[in-house]
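This briefing introduces a protein chain to a reader who has not met it before. Please keep the sequence and the structure in view while reading the points below.

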Amino acid sequence: MQEVGGEPLVAVPSVEASAAGVQPGMTLAEARSRCPALAWAPARPGAELDALERLAAVLRRKATPAVAVVSREAVAVDLAGLEGRFADERSAGTALLGLARAWLGLDVRGAVADTVEEGLAAARAARRCLAICEARGARGMLPRAEGLAVRLAGGVSAARAAAGAERLGQLLAAWGLSCRGLAVTAETGTGVRRWRLRAPAPLHHGHELAALLRPLAGELDGAAEVTIAVTGAGPAVEVTPWRPAAAPRERAALPARPVQRRLALAG
């Protein structure tokens, strides 16, 4: 559960809760109406992403560098280039799941699919067995987050630096990303200074980045040039409130009437 606006919302339902109809973004009351035996724990998105980064590091080191964290509950692996090491996609996927279980002790689920979205849906419904989705085309490439940075020159002030952080937050939101911190470089008359700022939880908005930058306000005032870059870019992990699917509009049952032509005007 993750609190949004003071109300706890479902962040990541278990397989059993999903089978009972619990959806991400539901309130606790809505979730319990569908699954009365529901047990819940507070969400820890920072710790969740840290665990996924450890998993990604193991897979990069032991299997392939083409690994990316794609949500608060999953990593994606591009199987291209592994053809010579495994007989087929099923063998490759099973071996990757075995790596995660052996090195991290995680009870992971997995799927092979054309797209990340299709693979996530299949993996959520899977148990310990690997799910294989029918191939309808080339297996998709991984989404990659490019480095985001702003460069401020010509007499930087703390207010300009905060505005730069706000701009980075707008880019994160537009690209559906979060970040874990900021790397700041300031050029002054006495040299170059660097800071690495890290937040305990993923950041999504400009005001959050500006707040993380605020302790450096006195250090940045008067700098000739400042560069602010996001670090630890990854998927957005915010929970959006659940909305039920709109019911199809019932077509009005009107009595059929013949078309009347050449109506006479009342005299």
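## Overall organisation

Among contacts in the chain between residues at least 6 apart in sequence, 57% join residues at least 24 apart. The model is a predicted one. Its chain contains eight helices and eleven strands. Of the 267 residues, 39% count as buried. The topics below are the surface, two helices, the salt bridges and one cysteine.

**Surface**

- The area exposed by the chain is about 16200 Å², and 54% of it is supplied by carbon and sulfur atoms.
- A nonpolar patch on the surface is formed by Trp103, Leu104 and Leu106, which together have about 260 Å² of accessible area.
- Leu106, one of the residues of this patch, is found in the loop between α4 (89-104) and β5 (111-112).
- Leu106 counts as partly exposed because its relative accessibility is 32%, a value between the limits of 20% for buried and 50% for exposed.

**Helix α3**

- Helix α3 comprises 18 residues, 45-62. From its first C-alpha to its last it reaches 26 Å, close to the 26 Å expected at 1.5 Å a residue.
- The buried residues in α3 are Pro45, Gly46, Leu49, Leu52, Leu55, Ala56, Val58 and Leu59.
- Asp50 also lies in helix α3, but this residue is partly exposed, with a relative accessible area of 29%.

**Helix α6**

- Helix α6 (residues 158-175) likewise has 18 residues, which should span 26 Å at 1.5 Å a residue. The C-alpha atoms at its ends are 26 Å apart, in agreement with that expectation.
- Ala161, Gly164, Ala165, Leu168, Gly169, Leu171 and Leu172 are buried in α6. They lie on the same side of the helix, because the arc they cover around the axis is only 160 degrees.
- Ala159, Ala173 and Ala174 are exposed on the other side of α6.
- Which elements help to cover the buried residues of α6? The cover includes the strands β7 (149-153), β8 (177-188), β9 (191-203) and β10 (225-231), together with the helices α7 (206-213) and α8 (217-220).
- Gly176 follows α6 and has a positive phi, near 65 degrees.

**Salt bridges**

- Side chains of opposite charge can pair when their charged atoms come close.
- A search of the whole structure finds six salt bridges, and three of the pairs are described here, beginning with Arg180 and Asp50.
- The side chains of Arg180 and Asp50 meet at 3.1 Å, N to O. Arg180 lies in strand β8 and Asp50 in helix α3, so this pair ties together parts that are 130 residues apart in sequence.
- Is Arg180 buried or exposed? Arg180 counts as buried because its relative accessibility is 7%, which is under the 20% limit.
- Asp50 and Arg180 also belong, with Arg198, to a network of salt bridges.
- Another salt bridge joins the side chains of Arg151 and Glu225, at 2.8 Å from N to O. This pair links distant parts of the chain, with Arg151 in strand β7 and Glu225 in strand β10, 74 residues apart.
- Arg151 is exposed, with a relative accessible area of 57%, whereas Glu225 is buried, with a relative accessible area of 16%.
- The side chains of Glu219 and Arg193 form a salt bridge of 2.5 Å, N to O. Here too the pair links distant parts of the chain: Glu219 is in helix α8 and Arg193 in strand β9, 26 residues apart.
- Glu219 is partly exposed, with a relative accessible area of 38%, and Arg193 is also partly exposed, with a relative accessible area of 41%.

**Cys129**

- Where does Cys129 lie? Cys129 is in the loop between α5 (116-125) and β6 (131-132).
- Cys129 counts as exposed because its relative accessibility is 60%, which is over the 50% limit.
- Along the chain, Cys129 and Val108 are 21 residues apart, and their C-alpha atoms are separated by 9.6 Å.

Conventions: Residues numbered from 1 in each chain as written. Predicted model: local features only at pLDDT ≥ 70, side-chain atom pairs only at ≥ 80, totals over all residues. Heavy atoms only, no water. Patch = residues over 30% accessible without salt bridge, like charges linked within 9 Å, V, L, I, M, F, W, Y side chains within 5 Å. Areas by Shrake-Rupley, 256 points an atom, 1.4 Å probe, with all protein chains shown as cover. Salt bridge = Lys/Arg side-chain N within 4 Å of Asp/Glu carboxyl O. Helix = DSSP H or I, 4+ residues; strand = E, 2+ residues; numbered from the N terminus. Buried < 20%, exposed > 50% of the residue type's maximum accessible area, 1.4 Å probe, protein only. Expected span 1.5 Å × (residues − 1). Contact = heavy atoms within 4.5 Å. Arc of directions from axis to C-beta.
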